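Colleague: Could you take me through one part of this model closely, and say how far the prediction can be relied on there?

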Amino acid sequence: MKHTPDIAALIGSRICHDLIGPLSAIGNGVELLSLAGLPETPEMALIADSVTSANAKIKFLRIAFGAASAEQLVKHSEVVAILDVMSKNSRISYDWQVDGTLTRVQLRALFLAIMCVETALPFGGEITIRATGIHAEGRKLNIVQDHWDTAQNKTAADLAAAHVQFAVLPWAASEAGMTPALNIADGSLALTL
């Protein structure tokens, strides 16, 4: 049987790859300006922070929506670095409690699950990630049941682009040997995988 590539994942990988290059060039330019003796102004710091944040988000999205194989490994330190940058200047903080190295397939499912959980925290909160699932607490949870039914492969909701992660999660979780299940209690959300 001939292998059919996942065209959508390859497109996601390609877009992220093409965006990282120019962002890295901007970051290098800012660094060269500071090495040349240009005083660090609030504007330069804003540019540097924005480039760092954008790079981390693109790396996150590349893992979540890009092509993946079980042979590709992602180090613990790389994941923590991405989430630490994403936490900076954000209403959401991430606590990565997964030990060791994960395959790209496992990490893709976890990152998609994180994206789903983020939508439930409109006023921010804390997301704790373990290998078996995600726990989130926030001031107020916003649960759109149709989205979560789609994420748990119960029904297929008509989703906007901002919520595509709910449609991709069941497939990615299945490939990683996981089954998403949502539990909400006492103002917190638990998504087991």
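What follows is a close look at the first helix, with a shorter note on a set of paired strands.

Modeller: This is a predicted model, and its mean pLDDT is 90, with 97% of the residues reaching 70 or more. Against that background, helix α1 has the lowest mean pLDDT among the elements of the protein, at 83, whereas strand β2, residues 92–96, has the highest, at 97. Helix α1 runs over residues 7–35, and its 29 residues reach 42 Å from the first C-alpha to the last, which is close to the 42 Å expected at 1.5 Å a residue. Along this helix Ala 9, Gly 12, Ser 13, Cys 16, Ile 20, Leu 23 and Val 30 are buried, and the buried residues of α1 pack against α2, residues 42–65. An α-helix has 3.6 residues a turn, so residues three or four places apart point the same way. Just after α1, Gly 37 takes a positive phi of about 100°.

As for the strands, β4, residues 125–130, and β5, residues 133–138, run antiparallel and are joined by six bridges, forming a hairpin with two residues between them; within this pairing, Glu 126 stands opposite Glu 137 of β5. Strand β5 also pairs in the antiparallel sense with β7, residues 188–192, over five bridges, and there Ile 134 has Leu 191 of β7 as its bridge partner.

Conventions. Residues numbered from 1 in each chain as written. Predicted model: local features only at pLDDT ≥ 70, side-chain atom pairs only at ≥ 80, totals over all residues. Heavy atoms only, no water. Pairing = 2+ DSSP bridges. Helix = DSSP H or I, 4+ residues; strand = E, 2+ residues; numbered from the N terminus. Expected span 1.5 Å × (residues − 1). Buried < 20%, exposed > 50% of the residue type's maximum accessible area, 1.4 Å probe, protein only. Contact = heavy atoms within 4.5 Å. pLDDT = per-residue confidence, 0-100.
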